[in-house]
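Reader: I'd like a close look at one part of this model, namely the charged side chains that pair up along a helix. Could you walk me through them in one go?

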Amino acid sequence: MVATRDEASQSGCPLTDEELSRIHLGKAEYYIRGFGVGPRPSSFSSQSSSNLAQQELQKVQSELELLRDERQREREENERRWEEERNRQRQRDEEQRLKDEQRQ
């Protein structure tokens, strides 16, 4: 490539890097958007990327399900505590009512 570039410069018609690449490497058959001329990625790499994304999605979904279960258990525990507190309050109210009746 260097020799071809030097010959072109001596003849008065210098070649660009792209022209030199085409002369020695040939024209690229594929174009990757954002990356210029070059080979396309293999279907294996796109499949492995897809598989990795799918695995990550499953992991996040599992974590989300665990968090939902934990939140449901907390909610049930809070409801049980509230119900116990309401029962205690009813019992206190009933005891107070009986004391008031006895005083009268």
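Author: Here is a walk through the salt bridges, with a bit of context before the pairs themselves.

Keep in mind that this is a predicted model. The protein chain has 3 helices and 2 strands, and along the sequence they come in the order α-α-β-β-α. The part you're asking about is helix 3, which covers residues 43-103.

Now for the charges. Searching the whole structure turns up 10 salt bridges. As a bit of background, oppositely charged side chains can pair when their charged atoms come close. Let's take three of the pairs in turn.

Start with E77 and R81. These two make a salt bridge whose closest N and O atoms sit 3.3 Å apart, inside the 4 Å cut-off for calling one. What puts the partners within reach along the sequence is their spacing: E77 and R81 are 4 residues apart in helix 3, so about one helical turn separates them. Neither end is buried: E77 has a relative accessibility of 27% and counts as partly exposed, and R81 is partly exposed too, at 47%.

Next come R88 and E84. Their closest N and O atoms are 3.6 Å apart, and they form a salt bridge. Both residues lie in helix 3, again 4 residues apart, or about one turn of the helix. As for cover, R88 comes out at 40% relative accessibility, which makes it partly exposed, while E84 is partly exposed at 33%.

The third pair is E101 and R97, where the side chains meet in a salt bridge at 2.3 Å from N to O. If you plan to use this geometry, that's the number to have in mind for this pair. E101 has a relative accessible area of 44%, so it falls in the partly exposed class, and R97 joins it there with 38%. E101 and R97 are also 4 residues apart in helix 3, which again comes to about one helical turn. Beyond single pairs, salt bridges with shared partners tie E77, R80, R81, E84, E85, R88 and R92 into one network. So the first two pairs above, E77 with R81 and R88 with E84, have their residues in that network.

Finally, the wider setting. Of the 104 residues in the protein chain, buried ones make up 3%. The chain exposes about 9,800 Å², with carbon and sulfur atoms supplying 49% of that area. The partly exposed values of the paired residues, such as 27% for E77 and 47% for R81, can be read against that background.

Notes. Residues numbered from 1 in each chain as written. Predicted model: local features only at pLDDT ≥ 70, side-chain atom pairs only at ≥ 80, totals over all residues. Heavy atoms only, no water. Buried < 20%, exposed > 50% of the residue type's maximum accessible area, 1.4 Å probe, protein only. Areas by Shrake-Rupley, 256 points an atom, 1.4 Å probe, with all protein chains shown as cover.
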